[in-house]
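Here's a quick briefing to read alongside the structure. Have a look around first, then work through the points below.

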Amino acid sequence: MEAHKLSPTKLYICDKARSSSSSEIIFGFSGSWDLSDWFTHEPFGLTKINLNIFPSLKTIGWNKAASVNQGFLQKFDALLANTSLIHEVEAAATENKQIVFTGHSSGGPIAIFATLWYLEIRNQKNLSHLPPHCVTFGSPLVGDRIFGHSLKRQHYYQHFTHFVMKYDIIPRISLAPLSAIERQLSPILNYFNPESPVYSSDAIAANPEASRLFLTVMRSASSVTSHAACKFMGCTNPLLENLTNFIELSPYRPFGTYVFCSGNGKFVMVENPDAILQILFYSLQATSQAEWANMALKSLKDHLSYEHEFLKSNEMATVAYLEHLEALPLSEHMGESQILTINNALNDLGLSARARLCLRASGELEIQRARNYNKISSNKIKIEEGLTMLERYQTNCEDRKVGYYDAFKLQKHTEDFNNNIRRLELAGSWDEIIEMMNRYELPDEFEGQKEWIEIGTRYRRLVEPLDIANYYRHLKNEDTGPYMDKARPTRYRHTQRWLEHGLKTKPDPLPESCFWAEVEELSIHTCNQQFSEDVMQRIILLERKVSLWVENRLLGKDIFLDGTTFTQWWNMLPIQHRSVSCIKDLFHMDSPVFVGHI
């Protein structure tokens, strides 16, 4: 809380003296009480995160960047650019210190971004330094669902702990649009500002504006949590989808571990983000009409009560962990010994039967994601069997001195037809996986799992050439356009991005599995023997890639067989070019068949 009282010119403190040991260093970030630092624009002040600084904060397959609060992000960017934070963190890391980033109120988001910044550096550079920890107190929400999804996938989740007082309004403030709270929030921020003459003044807290702010935030929170609960409870009412056309629902979502402070020395820990969102709403409810009159005052005072709460509970604190949410007691009077601690924790938070139903549903959703994962994992054997059959087909094509791609494109044998059926079956399996990911029906960690990156890469390299062959065999390019621009299926884009993310390489606009698509397009562009400089550059680039792919055993020597689409096209190029081409010698390879090629 020391950082909360810093002057506006001092953005953070570096505290070694208060750390639990000499091996720990704490960076505490101050808050801001200027409304423009909280919301830069309507409706919710969001911006896409800078992937140059935070490259992992996106969905891998869809390549969608996370959205975060622009005001907080800008403040962090300014802090990096104008202070010695980078130097101090690097020095602490070099000494193998345990780095802790912390902040109260709007200092919390800065601590979050600082932690992510260092985690990303550590990940990109494969550093062995200790991972940082982030601890926030009464922090507003920072990012959207993609933000939380990417953190869990990257295994960053466990490094974040957020303490929230039961009645504190600030952790809920981002659930309301700026247009609804702008008038009330600006003066209320002075209540939290240690430099303001009305700091922690009861006159501000008792002002009608404070009550209006509280009611507006809670109405918005009600809409957000009800909509979310209906979604994960499986509601199919079409009105649910139409709701967002009329009401601006906040996209902000919690992430990490939340520790709810009941105010009586008891703490409740929760990790499920869907459950946390529900608790943020349901724990801030009055039990009587008389209590409602004091809620606005409580919601402001609680934001300044963290230090007092921790000092008070230092020796008598009890912690309840909300796990196995699907089995939570629905009644506050259920007192069997095995659930007594959990039930008491729910009672301390004032969670009603309806709230408990929502928490149960969030637990069931987590279990369903695990079931979905088990389902596709059991189907993985079938996928691998299909790929093995295609590899056998590939070998048979080579034995017949016919290229894998051209044999499939010509469809002259029963084996070609059977493997077309196999191609379609595999497409169905992968499209189901991609759609489940799109609906967040799989665990967040799924995209980054090594075994699925490997099987996805194997699938893409084996099957995408067949999709390309089918596309150009039926002349679909004449109606739709080039395969790469207009027709490449999502399943291949996803699996390619999985591999690039795993290897930490830049996106490749022409991956090895799309070799045949580029050959087909270049065949069209060079058919009249007169082509532009741009086409010539594409030819040279493809040849360089072919040389590299062959060297790395990503392409096999069957592409150089007489009569293949590639050989026929290349032999039609001007002799002046072919004589100096970097792949001219590859057409006379006598080396053994390459393994693992497409």
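A word on helices before we start: here they are DSSP runs of H or I with at least four residues, numbered from the N terminus. By that count, helix 22 is followed by Arg553, whose phi is positive, near 65°. Keep in mind that you're looking at a predicted model.

**The chain as a whole**
- The chain has 598 residues, and 53% of them are buried.
- Its secondary structure adds up to 24 helices and 10 strands.
- Taken along the principal axes, the C-alpha atoms fit a box of roughly 90 × 50 × 45 Å.
- If you take the contacts with a separation of 6 or more, 75% of them link residues 24 or more positions apart.
- About 27,100 Å² of the chain is exposed, and carbon and sulfur atoms supply 52% of that area.

**Helix 22 and what covers it**
- Helix 22 runs over residues 533–551, which makes 19 residues.
- From first C-alpha to last, helix 22 reaches 27 Å, close to the 27 Å expected at 1.5 Å a residue.
- Its buried residues are Val535, Met536, Ile539, Leu542, Glu543, Lys545, Val546, Trp549 and Val550.
- So what covers those buried residues of helix 22? The cover includes helix 21 (515–525), helix 23 (565–571) and helix 24 (575–578).

**Thr216 in helix 8**
- You'll find Thr216 in helix 8, which spans residues 208–232.
- Is Thr216 buried or exposed? Its relative accessible area is 16%, and buried means under 20%, so Thr216 counts as buried.
- The Thr216 side chain reaches the backbone oxygen of Arg212 at 2.7 Å.
- Leaving aside residues up to four places away in sequence, Thr216 touches Ala176, Ala180 and Ile181.

**Ile421 and a nonpolar patch**
- Ile421 sits in helix 16, residues 414–438.
- With a relative accessible area of 35%, Ile421 is partly exposed, because that value falls between the 20% cut-off for buried and the 50% cut-off for exposed.
- Which residues make the nonpolar surface patch of about 280 Å²? Ile421 is one of them, together with Phe417 and Leu424.

Technical notes
Residues are numbered from 1 along each chain as its sequence is written. This is a predicted model: local features need pLDDT of at least 70, side-chain atom pairs count only at pLDDT 80 or more; totals for chains, interfaces and linings use all residues. Side-chain values use heavy atoms; hydrogens and water are left out. Helices (H or I, at least four residues) and strands (E, at least two) are DSSP runs, numbered from the N terminus. The expected span of a helix is 1.5 Å times one less than its number of residues. Buried means under 20% relative accessible area, exposed over 50%, partly exposed in between (1.4 Å probe, protein chains only). Contact means heavy atoms within 4.5 Å. A polar contact is a pair of N or O atoms within 3.5 Å; within protein, one must be able to donate a hydrogen and the other to accept it, and residues adjacent in sequence count only if both atoms are side-chain atoms. Patches are made of residues with over 30% relative accessible area and no salt bridge: like charges are joined within 9 Å, nonpolar side chains (Val, Leu, Ile, Met, Phe, Trp, Tyr) within 5 Å. Accessible areas come from the Shrake-Rupley method with a 1.4 Å probe; for residues, only the protein chains shown count as cover. A salt bridge is a side-chain nitrogen of Lys or Arg within 4 Å of a carboxyl oxygen of Asp or Glu.
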